[in-house]
Amino acid sequence: QVQLVESGGGLVQAGGSLRLSCAGSGLFLGDYTMGWFRQAPGKEREFVAAISWIAGSTYYADSVKGRFTISRENVKNTVYLQMNILKLEDTAVYFCAGGRITSATSRATRYDYWGQGTQVTVSS
């Protein structure tokens with residue numbers, strides 16, 4: 001069974017940092033373009049960051065550019081989202097997603113596999 005499992009969420013003060021992990025099972029994440037999305041209650045899911053399968057190019061939402069970094073560690077079959085200088089508006093459930101697409105994309109419909117999400121709460 002194909003699964004993506006996020007971890008690393010929690011409660012953090014504004015200005016702090018968290019690193020989210022997305023572990024794959026039943027698939028090799030190195031063969032997929034991987035993305036991170038987030039969703040706050042009552043709001044639509046929004047794109048955060050993506051890393052392409054080919055070349056490893058990265059793509060970030062303007063709201064997180066310069067603060068967040070997406071990366072992968074293939075030997076651990078894991079994708080990461082390093083989040084620095086966290087803001088209150090970063091509070092959301094963060095989802096890991098994977099798709100057999102050739103380049104990073106912000107379109108959620110292009111991703112085939114999704115994790116269950118991990119909660120990130122930023123406090124003042």
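In this predicted model, a count of salt bridges gives four. One of them joins Arg38 to Asp90, whose closest N and O atoms are 2.8 Å apart. This contact spans distant parts of the chain, since Arg38 belongs to strand β4 (residues 33–39) while Asp90 sits in the loop between β8 (78–83) and β9 (92–99), 52 residues apart. Arg38 has a relative accessibility of 4% and therefore counts as buried, the cut-off being under 20%. Asp90, at 1% relative accessibility, is likewise classed as buried.

Asp90 also forms a salt bridge with Arg67, and here the closest N and O atoms are again 2.8 Å apart. This second pair connects the loop between β8 and β9, which holds Asp90, with the loop between β6 (58–60) and β7 (68–73), which holds Arg67; the two residues are 23 residues apart. Arg67 is buried, its relative accessible area being 8%. These contacts belong to a network of salt bridges in which Arg38, Glu46, Arg67 and Asp90 are linked. A further salt bridge is formed by Asp62 and Lys65, with 3.4 Å between the closest N and O atoms. Both Asp62 and Lys65 are exposed, whereas Asp90 is buried.

The covalent cross-links were examined next. The model contains one disulfide, which joins Cys22 to Cys96 with an S to S distance of 2.0 Å. The torsion about this S-S bond is about -75°, and the disulfide is therefore left-handed. Cys22 lies in strand β3 (residues 18–25) and Cys96 in strand β9, so that the disulfide connects distant parts of the chain, 74 residues apart. Cys22 counts as buried at 0% relative accessibility, and Cys96 is also buried, with a relative accessible area of 0%.

Strand β3, which carries Cys22, takes part in two of the strand pairings described here. Strand β1 (residues 3–7) runs antiparallel to β3 and is joined to it by five bridges. Within this pairing, Gln3 has Ser25 of β3 as its bridge partner. Strand β3 also pairs with β8, in the antiparallel sense, over six bridges. In that case Arg19 has Gln82 of β8 as its bridge partner. In a regular strand, side chains alternate between the two faces of the sheet.

The packing of nonpolar side chains was then considered. In soluble globular proteins, nonpolar side chains tend to be buried together. The largest nonpolar core of the model has 34 residues, and those with the most contacts inside it are Met34, Trp36, Leu81, Met83 and Tyr94. Two or more residues are given to this core by each of β3, β4, β5 (46–51), β7, β8, β9 and β11 (118–123). Strand β5 supplies the largest share, five residues. Tyr94 illustrates the surroundings of a core residue. When neighbours within four places in sequence are left aside, the contacts of Tyr94 include Leu20, Trp36, Val48, Phe68, Leu81, Met83 and Val120. Tyr94 also contacts Arg38, the residue that forms a salt bridge with Asp90.

Aromatic side chains were examined as ring pairs. Such a pair is described by the distance of the centres and the angle of the planes. The search of the whole structure yields six aromatic pairs. Among them, Tyr32 and Tyr113 are arranged edge-to-face, with 5.9 Å centre to centre and 80° between the planes. Because Tyr32 lies in the loop between β3 and β4 and Tyr113 in strand β10 (residues 113–114), this pair ties together parts that are 81 residues apart in sequence. Tyr32 counts as buried at 5% relative accessibility, whereas Tyr113 is partly exposed, with a relative accessible area of 31%.

The rings of Tyr111 and Trp114 have centres 6.3 Å apart and planes at 70°; this pair is therefore also edge-to-face, an angle over 60 degrees being the cut-off for that class. Tyr111 is buried, with a relative accessible area of 5%, while Trp114 counts as partly exposed at 27% relative accessibility. Tyr111 and Trp114 belong to a cluster in which ring pairs also link Phe37, Phe47 and Tyr59.

How values were computed
Residues numbered from 1 in each chain as written. Heavy atoms only, no water. Salt bridge = Lys/Arg side-chain N within 4 Å of Asp/Glu carboxyl O. Helix = DSSP H or I, 4+ residues; strand = E, 2+ residues; numbered from the N terminus. Buried < 20%, exposed > 50% of the residue type's maximum accessible area, 1.4 Å probe, protein only. Disulfide = S-S within 2.5 Å. Pairing = 2+ DSSP bridges. Core = buried A, V, L, I, M, F, W, Y, C linked by side-chain atoms within 4.5 Å. Contact = heavy atoms within 4.5 Å. Phe/Tyr/Trp six-rings, centres within 6.5 Å; stacked < 30°, edge-to-face > 60°.
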